[in-house]
Structures are given as structure tokens and as C-alpha cells.
Amino acid sequence: MLLNSVTRLLPLAGMTRSIHTTAACSEIRKMARLRVVDNSEIGKRAMAEGKPPKCIHVYNKQSVGKIGDKVLVAIKGQKKKGILVGLRQFQKPKIPKFDSNNLVLIDDNGTPLGTRIHVPIPTILRTILKEKTQAKGADYTKLLGIASRFV
């Protein structure tokens with residue numbers, strides 16, 4: 001009886017099916033794909049394998065990530081925290097819009113996992129992270145120190 005059902009499905013298996021994959025999200029919510037832009041070891045391996053990290057939580061009340069927000073991501077079967085440093089979504093005036101959703105991985109206390117950021121980051125991020133450093137107690141100034149270019 002099992003063989004009959006399998007043989008009936010074989011003609012369907014030969015047909016071509018269109019596979020639907022979601023596009024890169026234009027705003028940072030849960031399950032949004034991100035791009036790691038620092039040189040951390042886990043980030044380099046994930047991006048080289050073609051398995052970018054996915055956002056599983058945004059640490060703000062709106063649950064929509066903006067530049068400078070802290071997010072929790074799933075990367076290589078692990079949970080890591082990161083700071084959003086460039087977004088595709090519509091931005092306020094004087095904040096640049098990027099081609100991809102960029103992320104820098106950090107520790108729990110705010111120190112970056114990598115030693116260099118490969119892409120330019122917005123200058124408005126300096127004021128945003130300095131406010132969060134004073135309010136939250138975490139030290140985000142090291143993240144600004146490893147950035148080589150600002151736009």
C-alpha cells in the first residue's frame with residue numbers, strides 16, 4: 001500500500017516547482033537577514049558559507065530596529081548580540097540609506113568581537129551610541145574606535 005502511494009507521487013516529483021524565498025527585509029524585525037560587516041571569526045565563517053545571521057529579538061519597545069539599536073541574532077547555531085550600523089529602510093534626513101542591513105557583533109558588555117569594520121558607518125552613530133553608553137552602562141565607544149570610515 002505504501003508503494004502505491006509513492007508511485008503515484010513520482011510524476012509530481014519530476015515537475016519543476018518555483019521555490020519562493022523571502023527577499024531581504026526592508027526593516028529590521030524578527031527573522032530579518034543581516035550582514036556582518038566586522039572581521040569577527042564567527043561572522044566571517046557565516047557569511048562565507050552563505051548563511052547570514054537572522055534577527056531573533058530587537059531590544060526596543062517598537063520591535064523594529066533602527067540605526068544604533070541592539071539586536072539578538074542567531075548565527076551558526078549560537079545566539080550573539082550586535083549593533084545595527086546600516087539599514088536599507090527609509091531613514092530620517094542626514095542619515096544615509098545603505099544597500100544592505102549591516103551588523104557589528106558585540107559581547108554582553110558592549111565590546112566588539114572583531115577588530116575592524118569593513119564598511120563606512122554613519123556619523124550620527126557617534127551621538128546615538130554615546131547616549132546609550134551613558135544611559136545603559138555598556139561601553140560602545142570601542143565600536144566607534146574600530147570603525148575606519150564614516151559617512
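**Pocket.** I began with the largest pocket in this predicted model. I listed its lining as Lys 66, Ile 67, Asp 69, Gln 89, Phe 90, Gln 91, Lys 92, Ile 95, Ile 128, Glu 131 and Lys 132. By class, I noted five charged, four nonpolar and two polar residues in that lining. For the space in the largest pocket I wrote down about 270 Å³.

**Overall fold.** I then went through the secondary structure and found four helices and five strands in the chain. In sequence order I read the pattern as α-β-α-β-β-β-β-α-α. The chain has 151 residues, and I noted that 38% of them are buried. I also looked up the contacts with a separation of 6 or more; 54% of these join residues 24 or more positions apart.

**Core.** Which members of the largest nonpolar core touch the most other members? I found Ile 28, Leu 34, Val 71, Val 85, Leu 103, Ile 117 and Leu 143, out of 34 residues in this core. I next noted the elements that each supply at least two residues of the core: helices H2, H3 (124-136) and H4 (141-145), and strands S2 (54-58), S3 (70-75), S4 (78-86) and S5 (102-106). The largest share comes from S5, with four residues.

**Val 71.** I took Val 71 from that list of core residues and looked up its contacts, leaving aside neighbours within four places in sequence. Val 71 touches Ile 28, Leu 34 and Leu 103, and these three are also on the list of residues that touch the most other core members. The remaining contacts of Val 71 are Cys 55, His 57, Val 58, Tyr 59, Lys 80, Lys 81, Gly 82 and Leu 84.

**Met 47.** I placed Met 47 in helix H2, which spans residues 41-48. Is Met 47 buried or partly exposed? I recorded a relative accessible area of 30%, so Met 47 counts as partly exposed. Setting aside neighbours within four places in sequence, I found Met 47 in contact with Leu 34, Arg 35, Val 36, Pro 52 and Pro 53. For one of these partners, Val 36, I also looked up the C-alpha separation from Met 47: 7.2 Å, with the two residues 11 apart along the chain.

**Ser 100.** I found Ser 100 in the loop between S4 and S5. Ser 100 counts as buried because its relative accessibility is 16%, and the cut-off for buried is under 20%. The side chain of Ser 100 makes a polar contact with the side chain of Asn 102, at 2.8 Å. Beyond four places in sequence, I listed Arg 35, Gly 86, Leu 87 and Arg 88 as contacts of Ser 100. Arg 35 also appears among the contacts of Met 47.

**Positive phi.** I looked up two residues with positive phi that are not glycine.

- Ser 63 has a phi of about 60 degrees. I placed Ser 63 in the loop between S2 and S3. Its relative accessible area is 41%, so I entered Ser 63 as partly exposed.
- Lys 76 has a phi near 55 degrees. I placed Lys 76 in the loop between S3 and S4. Its relative accessibility is 34%, so I entered Lys 76 as partly exposed.

Notes:
Residues are numbered from 1 along each chain as its sequence is written. This is a predicted model: local features need pLDDT of at least 70, side-chain atom pairs count only at pLDDT 80 or more; totals for chains, interfaces and linings use all residues. Side-chain values use heavy atoms; hydrogens and water are left out. Buried means under 20% relative accessible area, exposed over 50%, partly exposed in between (1.4 Å probe, protein chains only). Contact means heavy atoms within 4.5 Å. A nonpolar core is a set of buried Ala, Val, Leu, Ile, Met, Phe, Trp, Tyr and Cys residues joined through side-chain atoms within 4.5 Å. On a 1 Å grid over the protein atoms alone, a cavity is a set of points where a 1.4 Å probe fits but cannot get out, and a pocket is an open set with protein on both sides within 12 Å along at least five of seven lines; lining residues have an atom within 4 Å of a point. Grid points are joined across faces, edges and corners, and a volume is the space filled by probe spheres set on the points. Ala, Val, Leu, Ile, Met, Phe, Trp, Tyr, Cys and Pro count as nonpolar, Asp, Glu, Lys and Arg as charged, and the others, Gly among them, as polar. A polar contact is a pair of N or O atoms within 3.5 Å; within protein, one must be able to donate a hydrogen and the other to accept it, and residues adjacent in sequence count only if both atoms are side-chain atoms.
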